[in-house]
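Hi,

Here is the structure I promised to pass on. Have a look first, and my notes follow underneath.

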Amino acid sequence: MKMTRRLFCAGLASAPFARPAFAQEIPLLTAMDTTVQLAPASYPATPVWSYDGTIPGPVIRAAQGSRLERRLVNALKVPTSIHWHGIRIDNAMDGVAGLTQDAVPPDESFDYAFDLPDAGTYWYHAHTNSMEQVARGLSGALIIEEATPPDVDRDEVLMIDDWLLDPDTGLFIDDFAAPMTRSHGGQIGNLVGVNGSYDYRLSARQNERLRLRLINSANAQIFGLKLEGLTGWAVALDGMPLAAPEPVTDTLLLAPAQRMDLIVDVTAEEGETAGLLFAAADDTWRALAEVSVKGRAASVPRGAPQPLPRNPRMEVVGVEAAPVLDMPLQGGAMRGLESATFDGQRLGWQELVQHGQFWALAGQVGLGETPFATLSRGETARIRMSNDTIFPHAMHLHGMHFRVRKEDGGLGPLRDTVLIMPNETREIAFVADNPGKWLLHCHMLGHAASGMTNWIIVS
Ligand code: C2O
Ligand code: CU
C-alpha cells in the first residue's frame with residue numbers, strides 16, 4: 001500500500017507539465033447522426049440528429065449561480081449552433097447563427113460558457129436552420145437547480161415532442177420546407193412522445209409528491225394536457241416561479257418552447273394508473289406519460305405546496321410610463337399579406353410566396369438590416385402583438401423574460417414565450433437589462449423560417 005502510494009507520487013512529480021487544476025477540459029456536447037427507435041418496435045428505427053447520441057439530448061443539470069460550460073462538437077454534415085432557451089445569457093453565447101455567432105461548420109467546435117442567474121426549467125436546441133434541426137432531434141432539457149429545492153420526493157423532466165415519421169421506413173417525412181405546412185399551422189407529428197419514447201412510463205407510490213418539469217420541444221404543436229389520478233399545482237412557467245402555486249383544475253395549454261413546472265401528489269389508488277394525458281387530433285385523451293401506482297408513500301396527501309424561491313430581478317417596473325411598440329403578426333394561408341419588406345425590398349404576396357416567405361412581423365419578413373426596436377439598457381419596453389392571422393403563434397423573446405399585460409392592466413407571470421391565438425392581442429412588458437442583439441420570433445419553427453423572425457437591440 002505504502003509502496004504504491006510512493007510510486008504514484010513519484011510518477012506525478014516527474015510529469016514534465018503537471019496540468020494546473022483550473023485548466024480542466026470543458027465537457028463536450030456532440031451533435032451527431034445516430035439511429036433511435038422512436039416508433040413502436042414493430043416499425044423500423046429512425047435515423048436522427050442528436051446530442052450525444054440520445055433523443056432528447058442529455059439532461060443538463062447545474063446549480064443556480066454557477067457557470068455552465070459545454071464544447072459543442074459538430075459531428076454532423078451540416079453547420080449548427082446551440083441556443084440555451086430562456087437563460088438570461090451573455091449575448092455572445094445565445095447561439096443564433098447569423099446574429100450572435102457564425103454557425104459551427106462540420107468537424108469544428110464552439111465553446112459555450114455562461115453564468116446561470118436563474119433557477120428553473122429551460123432547454124437547449126439547435127438555432128441554425130432550427131426548423132429542420134430541432135425536428136430531427138437536436139434538443140435537450142436544461143435544469144437549473146435552486147439552492148433550496150422544494151419539498152418533493154422526486155424530480156422528473158418530461159420533454160414532450162412529436163415526430164412526423166413514415167411508418168414503413170422509419171424515416172422522418174423530411175419535407176421540412178414544405179410551403180403547405182409553413183404557411184399553415186406548421187409541422188405536426190404523427191407520433192407524440194415523452195423523453196424520446198411514445199409510451200413513456202413512470203411508477204410512483206400513492207401520495208408520493210413529484211415535481212414534473214414539462215417542456216414542449218415540438219416544432220409547432222400546442223399540447224392540451226390533463227392530469228389523471230394526480231392532484232397538481234403549477235409552480236413555475238418558462239422557468240420562472242409563480243408568486244403562488246396554482247391548483248390545476250382544467251386543461252393546461254403548453255405551446256411550443258413553453259415550460260411548466262408542476263408539483264403533483266399521486267392520489268390514485270394503489271394498483272391504478274395515473275398520468276399525464278394529451279388531447280389527440282381525434283379529440284380523445286391519450287396517455288403521454290403513464291404512472292403506475294405501486295405501494296404507498298404516506299397515508300394522506302400533503303396539501304398545497306409552498307411557492308418556489310424567487311429568482312433575482314423578477315420585477316418589471318415603470319410599465320405605465322413606457323411607450324408601446326406595435327407588432328402586428330401578419331400573413332399566412334387564407335389571409336396573406338398585401339406587401340411586406342423582405343431583403344430590403346417591398347414585395348407583394350405572390351413575390352413573397354415565390355421566395356418561400358409567408359409571414360411578417362410589423363411589415364418585416366425575416367431579419368432586416370435595422371432591428372424592430374432599439375432600447376437603452378435598463379429601459380422598460382412594451383410590445384403589443386396583435387395576431388392578424390388565422391393561426392396561433394408562440395412568440396419568444398431571447399435574453400429576457402417578460403410579463404404579459406392582463407386585460408385590467410395588471411401584469412401576468414414572467415414568461416419567455418407567449419401563445420397568441422387568432423384575432424387576439426397580447427402586450428408584453430419587460431426591462432431591457434440584457435445588452436445585445438436578441439431575437440423575437442414565433443417558435444412554430446416553420447413560421448420563424450418563413451418570415452416570423454425579428455430582432456431588437458439593447459445597448
Ligand atoms: Cu427556443 Cu429562438 O428559440
Ligand atoms: Cu407562428
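To start with one residue: is H393 buried or exposed? H393 has a relative accessible area of 0%, so it counts as buried. Before you read on, bear in mind that this is a predicted model.

I picked H393 because it is one of the protein donors of the copper ion (ligand 2), along with C442 and H447. The donor atoms are ND1 of H393, SG of C442 and ND1 of H447, and they lie 2.0 to 2.1 Å from the copper ion. Along the chain, the donors follow the spacing H-x48-C-x4-H. H393 belongs to strand β27 (residues 393-397) and H447 to helix α5 (residues 445-449), so this pair ties together parts that are 54 residues apart in sequence. H447 is buried as well, with a relative accessible area of 0%.

Helix α5 also turns up in the second largest pocket, where it gives three residues, the largest share of the lining. That pocket holds about 460 Å³ of space. It is lined by 20 residues, and N129, L367, A448, A449 and T453 are the closest to its centre. By type, its lining divides into 10 nonpolar, nine polar and one charged.

The largest pocket has about 770 Å³ of space. Its lining is made up of 26 residues, with L237, P413, R415, L419 and R426 closest to the centre. Strands that give two or more residues to this lining include β14 (230-237), β29 (411-415) and β31 (425-432). Here the lining residues divide into 13 nonpolar, four polar and nine charged.

Now for the aromatic rings, which come to eight pairs. Take Y51 and Y124: their ring centres are 5.3 Å apart and their planes stand at 50°, so the pair is tilted. Y51 sits in strand β2 (residues 46-51) and Y124 in strand β7 (residues 120-126), so the pair ties together parts 73 residues apart in sequence. Y124 pairs with W84 too, with ring centres 5.6 Å apart and planes at 35°, so that pair is also tilted. W84 is in strand β5 (residues 82-85), 40 residues from Y124. Both Y51 and Y124 are buried, and W84 counts as buried at 0% relative accessibility. Ring pairs join Y51, W84 and Y124 with F110, Y112 and F114 in a cluster.

One last thing to look up: the charged end of R136 sits over the ring of W49, 4.8 Å from the ring centre.

Cheers

Conventions: Residues numbered from 1 in each chain as written. Chains lettered and ligands numbered in written order. Predicted model: local features only at pLDDT ≥ 70, side-chain atom pairs only at ≥ 80, totals over all residues. Heavy atoms only, no water. Donors = N, O, S within 2.8 Å, 3.2 Å for Na, K, Ca; no water. Helix = DSSP H or I, 4+ residues; strand = E, 2+ residues; numbered from the N terminus. Buried < 20%, exposed > 50% of the residue type's maximum accessible area, 1.4 Å probe, protein only. 1 Å grid on protein atoms, 1.4 Å probe; cavity = no way out; pocket = protein on both sides within 12 Å on 5 of 7 lines; lining within 4 Å. Points joined across faces, edges and corners; volume = space filled by probe spheres on them. Nonpolar A, V, L, I, M, F, W, Y, C, P; charged D, E, K, R; others polar. Phe/Tyr/Trp six-rings, centres within 6.5 Å; stacked < 30°, edge-to-face > 60°. Lys NZ or Arg CZ within 6 Å of the ring centre and 35° of its normal.
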